[in-house]
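I opened a fresh page for this one and wanted to see how the chain is put together. Here are my notes, in the order I looked things up.

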Amino acid sequence: IQMDSATKLQIVEAILERTASAVGDITESVMAEFYRIAPEVQDVFKQHRPVDTGWLEAGMVEQALYCFMDWYKSPGEIKMTLLGSVPHHVETLNVSADHYHTLLQATATIVGQTIPQENQLEIDVWNEISASLHEIVDTARQYAYSRTAAQPHNRQR
């Protein structure tokens, strides 16, 4: 989409403000979508955080939202965050790059549902961020040393 980053950032802020007004805290909705797509992940999270899975889920959704929210403000920072985070999670926590794709997709879906269908510009900007974040996760996957990293992903779009 041909427009400056400041304009795109304003569009993202408008999208997220509408989502906050319409849905409030999206954590529960995003995680429900996430587990619908990847039900096996629930067990992985319970292993890592058996006492307070809700804390872990809230942090994940917050990080995903941060990636969307700040993409046009500081794409380099978001890229570095994901390039470091994805291999670490793959190698040490048994959280695959596909899980990142699924979380980003769940976040994009829940927020995207609040965008009016006739507002093509907002839809295009939101999809552009989503595609960029998925590309970074694909790149980050290559930096992980685990066999999990080499497996192809099958995310939904």
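**Entry 1: pockets, starting with the word itself.** Before looking up any volume, I wrote down what a pocket is: an open set of grid points with protein on both sides within 12 Å along at least five of seven lines. The volume I note is the space filled by probe spheres set on those points. I also reminded myself that the model is a predicted one.

With that settled, I looked up the largest pocket, and its volume is about 480 Å³. How many residues line the largest pocket? I found 21, and those nearest its centre are Met 60, Ser 85, His 89, Tyr 100 and Leu 103. Four helices, α3, α4, α5 and α6, each supply at least two residues of this lining. The biggest contributor is α4, which gives 8 residues. By class, the lining of the largest pocket splits into 13 nonpolar, 7 polar and 1 charged.

**Entry 2: the second largest pocket.** Next I turned to the second largest pocket, which holds about 240 Å³ of space. Its lining has 12 residues, and Gln 105, Ala 108, Trp 126, Asn 127 and Ser 130 lie nearest the centre. Which helices each supply at least two residues here? I noted α6 and α7. The largest share of this lining, 5 residues, is from α7. I sorted the lining by class and got 5 nonpolar, 6 polar and 1 charged residues.

**Entry 3: the chain as a whole.** I stepped back to look at the overall make-up. The chain has 8 helices and 0 strands, so to speak a plain α-α-α-α-α-α-α-α pattern along the sequence. Of its 157 residues, 44% count as buried.

**Entry 4: the nonpolar core.** I then looked for where the buried nonpolar residues gather. In soluble globular proteins, nonpolar side chains tend to be buried together. In this model, the largest nonpolar core has 44 residues. Phe 34, Leu 82, Trp 126, Ile 129 and Leu 133 touch the most other members. The helices that give two or more residues to this core are α1 (5-23), α2 (27-37), α3 (41-48), α4 (53-70), α5 (75-93), α6 (97-112) and α7 (120-141). Which helix gives the largest share of the core? I found α6, with 8 residues. Trp 126 is thus a name I now have twice: it is among the core members with the most contacts to other members, and it is among the residues nearest the centre of the second largest pocket.

**Entry 5: a look along α6.** I followed this helix from end to end. α6 has 16 residues and reaches 22 Å from its first C-alpha to its last, close to the 22 Å expected. The helix is mostly covered, with 14 of its 16 residues buried. At its N-terminal end I found a cap: a side-chain oxygen of Ser 96 lies 3.2 Å from the backbone nitrogen of Asp 98.

Leu 103 sits in α6, and I had already met Leu 103 among the residues nearest the centre of the largest pocket. Is Leu 103 buried or exposed? Its relative accessibility is 10%, and buried means under 20%, so Leu 103 counts as buried. I also checked its distance to Ile 37: the two are 66 residues apart in sequence and 9.3 Å apart in space, C-alpha to C-alpha.

**Entry 6: α5 and the residue after it.** α5 has 19 residues and reaches 26 Å between its first and last C-alpha, close to the 27 Å expected. The buried residues I listed in α5 include Ile 78, Leu 82, Ser 85 and Val 90. Just after α5, Asn 94 takes a positive phi of about 60 degrees.

**Entry 7: three more residues.** I ended with a few single residues.

- Ala 32 is in helix α2, and at 48% relative accessibility it counts as partly exposed. Ala 32 and Ile 110 are 78 residues apart in sequence, with 9.9 Å between their C-alpha atoms.
- Ile 115 is in the loop between α6 and α7, and it is buried, with a relative accessible area of 7%. The C-alpha atoms of Ile 115 and Trp 126 are separated by 9.2 Å, and the two are 11 residues apart along the chain.
- Glu 128 is in helix α7, and it is partly exposed at a relative accessible area of 22%. Glu 128 and Ile 1 are 127 residues apart in sequence and 7.9 Å apart in space, C-alpha to C-alpha.

Definitions and conventions. Residues are numbered from 1 along each chain as its sequence is written. This is a predicted model: local features need pLDDT of at least 70, side-chain atom pairs count only at pLDDT 80 or more; totals for chains, interfaces and linings use all residues. Side-chain values use heavy atoms; hydrogens and water are left out. A nonpolar core is a set of buried Ala, Val, Leu, Ile, Met, Phe, Trp, Tyr and Cys residues joined through side-chain atoms within 4.5 Å. Buried means under 20% relative accessible area, exposed over 50%, partly exposed in between (1.4 Å probe, protein chains only). The expected span of a helix is 1.5 Å times one less than its number of residues. A polar contact is a pair of N or O atoms within 3.5 Å; within protein, one must be able to donate a hydrogen and the other to accept it, and residues adjacent in sequence count only if both atoms are side-chain atoms. On a 1 Å grid over the protein atoms alone, a cavity is a set of points where a 1.4 Å probe fits but cannot get out, and a pocket is an open set with protein on both sides within 12 Å along at least five of seven lines; lining residues have an atom within 4 Å of a point. Ala, Val, Leu, Ile, Met, Phe, Trp, Tyr, Cys and Pro count as nonpolar, Asp, Glu, Lys and Arg as charged, and the others, Gly among them, as polar.
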